[in-house]
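Walk me through this structure, residue by residue where it counts. Keep it brisk.

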Amino acid sequence: MKTSPATLILLLTLSLPTFAASPRELTWEALIPADAPAAPPPVAMHDLSQLGDALATESAPPVAQQRPSEPTVTELDGVAVKLPGYIVPLDVSEEGRVTEFLLVPYFGACIHVPPPPSNQIVHVKSENGVMLDTLYQPFWIEGPLKVEQSHSDLAESGYAMQAGKIYPYEMPEQ
């Protein structure tokens, strides 16, 4: 039995290992359309003279989001990305793993300061999640980004992601 060159090429192509493309590393600015206004800097909403009453501050209702429906970058829909940020838990398992969360660009967003604009929040779901006691550090989140509005009790988000990888962010060496 003789095999044609076209069949050989097809068989070789199918038998070679396929490597997934590396995710596109994004900055938070990349989630804002070029013609949209820049995100405002975070503003702390706590009175530092009241630090002694920290328990009341932690149990206070979340601060209202100032810009809940900002434009998104539609070209990013479906793109595999890698984005650093902080985790704001939405769902925690009995084992203490955060499996659904908001990824935000700065620590304390949605809790200690007003939530950022919706195009600066990614609603993330993860099968494995991260341990609740590690949330004071930033993480890299990798997965396909969706341009999709979602609502939570804390904020509106303009993007969503099913996380494929979650790992601690480390500052690049200078």
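The side chains of His123 and Glu100 are joined by a polar contact of 2.6 Å. This is a predicted model. His123 sits in strand β4. Is His123 buried or exposed? Its relative accessibility is 11%, under the 20% cut-off, so His123 counts as buried. Leaving out residues up to four places away in sequence, His123 touches Leu90, Glu100, Phe101, Leu102, Ser150, Ser157, Tyr159, Ala160 and Met161. Glu100 is thus one of the residues in that list. Phe101 is another. The C-alpha atoms of His123 and Phe101 are 6.0 Å apart in space, with their positions 22 residues apart in sequence.

Now step back to the whole chain. It has two helices and seven strands. Along the sequence the order is α-β-α-β-β-β-β-β-β. The chain holds 174 residues, and buried residues make up 37% of them. How much of the contact set comes from residues 24 or more positions apart? Among contacts with a separation of 6 or more, such residues account for 71%.

Next comes Ser152. Ser152 lies in the loop between β5 (139-151) and β6 (156-162). Its relative accessibility is 9%, so Ser152 counts as buried. A polar atom of the Ser152 side chain lies 3.1 Å from the backbone oxygen of Ala155. Beyond its neighbours within four places in sequence, Ser152 is in contact with Leu90 and Leu102. Leu90 and Leu102 also appear among the residues that His123 touches.

Turn to the largest pocket. Its volume is about 280 Å³. The lining has 15 residues, and the closest to the pocket centre are Ile87, Pro89, Phe107, Ile111 and Tyr136. Which strand gives the most to this lining? Strand β2 (residues 80-92) does, with four residues. By type, the lining divides into twelve nonpolar residues, two polar and one charged.

Two of the residues closest to the pocket centre, Phe107 and Tyr136, lead on to the aromatic rings. The count of aromatic pairs is three. Phe107 and Tyr136 form one that is tilted, with 5.7 Å from centre to centre and 40 degrees between the planes. This pair links distant parts of the chain. Phe107 is in the loop between β3 and β4, Tyr136 is in the loop between β4 and β5, and they are 29 residues apart. How accessible are the two partners? Phe107 has a relative accessible area of 41%, so it is partly exposed. Tyr136 reaches 69% relative accessibility and therefore counts as exposed. Ring pairs also bring in Tyr86, and the cluster consists of Tyr86, Phe107 and Tyr136.

Trp140 and Tyr169 form another tilted pair. Their ring centres are 5.1 Å apart, and the planes are at 50 degrees. Trp140 lies in strand β5 and Tyr169 in the segment after β7 (165-168), so the pair ties together parts 29 residues apart in sequence. Is Trp140 buried or exposed? Trp140 has 10% relative accessibility, so it counts as buried. Tyr169, at 23% relative accessibility, counts as partly exposed. The value for Tyr169 falls between the two cut-offs, 20% for buried and 50% for exposed.

Two loop positions complete the tour. Val113 is in the loop between β3 (97-104) and β4 (122-131). At 9% relative accessibility, Val113 counts as buried. Which distance separates Val113 from Gln65? From C-alpha to C-alpha, Val113 and Gln65 are 9.4 Å apart in space, while they are 48 residues apart in sequence.

Thr27 is placed in the loop between β1 (24-25) and α2 (54-59). Its relative accessible area is 45%, so Thr27 is partly exposed. The C-alpha atoms of Thr27 and Lys82 are separated by 8.9 Å. Along the chain, Thr27 and Lys82 are 55 residues apart.

Terms used:
Residues are numbered from 1 along each chain as its sequence is written. This is a predicted model: local features need pLDDT of at least 70, side-chain atom pairs count only at pLDDT 80 or more; totals for chains, interfaces and linings use all residues. Side-chain values use heavy atoms; hydrogens and water are left out. On a 1 Å grid over the protein atoms alone, a cavity is a set of points where a 1.4 Å probe fits but cannot get out, and a pocket is an open set with protein on both sides within 12 Å along at least five of seven lines; lining residues have an atom within 4 Å of a point. Grid points are joined across faces, edges and corners, and a volume is the space filled by probe spheres set on the points. Ala, Val, Leu, Ile, Met, Phe, Trp, Tyr, Cys and Pro count as nonpolar, Asp, Glu, Lys and Arg as charged, and the others, Gly among them, as polar. Buried means under 20% relative accessible area, exposed over 50%, partly exposed in between (1.4 Å probe, protein chains only). A polar contact is a pair of N or O atoms within 3.5 Å; within protein, one must be able to donate a hydrogen and the other to accept it, and residues adjacent in sequence count only if both atoms are side-chain atoms. Contact means heavy atoms within 4.5 Å. Rings of Phe, Tyr and Trp (its six-membered ring) pair if their centres lie within 6.5 Å; planes under 30 degrees apart count as stacked, over 60 as edge-to-face and the rest as tilted.
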